[in-house]
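Here's a quick tour of one protein chain, from its charges down to a single loop residue. Have the model open as you read.

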Amino acid sequence: KKPGLVLVDTHFDTALEVGGEPLSHCCPITRAVDAGFDPRRIAIVGTGGWMNPKSELDYIRKQGITLFTIEEIWAEGAKTIAAKAAAVAKNGSDGVYVTYDIDAIDAAYAPGTGVPTPGGMNAREALTMAHELGRMGINGFDLVEVSPSWDHDGITSRLAVRLILEALAGNASAKR
């Protein structure tokens, strides 16, 4: 009834619609707010780059959603930012959902996605983020936007599996 949400992504994902379609991969945070998620319990982590429109940043600010940029991860470390994001999502919630978009990770480590990101998290930062978010005790988790047809040598797919395992391991340690 009082969910928290963490999105790990290079994009804001707060578009109102894309080409008239409100159910786009660019709109999940907006739809979560529409569905009743309290924006004060939503953290968006890892954003950066030029593909984030000002209108979506305005939406984030207007709604009171917490944003942690890639620059903050570089400055403070993935473990610290994960703890801050967890605190936002857990604050008064009765369960937290984490959605992890593979494009938050630098294209050198995750090329197999629709929008490869230069300058995203490195593999260690990404794994730390997944594990630490899991440690808050999560009720749901997904990992999205792996594109096997663009994933030469399975680099992205193998990292995706490891990210899922790290989140599950972190969650298992939280349940102890």
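## Charges and surface

The chain carries 17 positive and 22 negative charges, and their mean positions sit 11 Å apart. For this count Lys and Arg are positive, Asp and Glu negative, with His and the chain ends left out; each charge is placed at NZ of Lys, CZ of Arg, CG of Asp or CD of Glu.

This is a predicted model, where local features need pLDDT of at least 70, side-chain atom pairs count only at pLDDT 80 or more, and totals for chains, interfaces and linings use all residues. Residues are numbered from 1 along each chain as its sequence is written, and side-chain values use heavy atoms, with hydrogens and water left out.

The accessible surface adds up to about 8,400 Å², with 57% of that belonging to carbon and sulfur atoms (Shrake-Rupley method, 1.4 Å probe).

## Overall fold

Six helices and five strands make up the element list, in the order β-α-β-α-β-α-α-β-α-β-α from the N terminus. Both kinds are DSSP runs numbered from the N terminus: helices are H or I with at least four residues, strands E with at least two. The radius of gyration is 15 Å, close to the 16 Å from the globule rule for 176 residues, so the chain is as compact as a globular protein of that length (C-alpha atoms; the rule is 2.2 Å times the number of residues to the power 0.38).

Along its principal axes, the C-alpha trace spans about 45 × 40 × 30 Å. Of contacts (heavy atoms within 4.5 Å) between residues at least 6 apart in sequence, 71% link residues at least 24 apart.

## The cores

Half the chain, 50% of 176 residues, is buried, meaning under 20% relative accessible area (1.4 Å probe, protein chains only). The largest nonpolar core (buried Ala, Val, Leu, Ile, Met, Phe, Trp, Tyr and Cys joined through side-chain atoms within 4.5 Å) has 35 residues, and Val6, Tyr100, Met129 and Leu163 touch the most other members. Elements supplying at least two residues each include strand E1 (3–8), strand E4 (95–101) and helix H6 (155–175). H4 gives the most, with seven.

Beyond four places in sequence, Met129 has contacts that include Val8, Val45, Ile73 and Tyr100. A separate core of twelve residues has Val33, Leu57, Tyr59 and Ile65 among its members.

## Ser147

Ser147 lies in the loop between strand E5 (140–144) and H6. Is Ser147 buried or exposed? At 17% relative accessibility, Ser147 counts as buried. Past its neighbours within four places in sequence, Ser147 is in contact with Gly112, Thr113 and Gly114.
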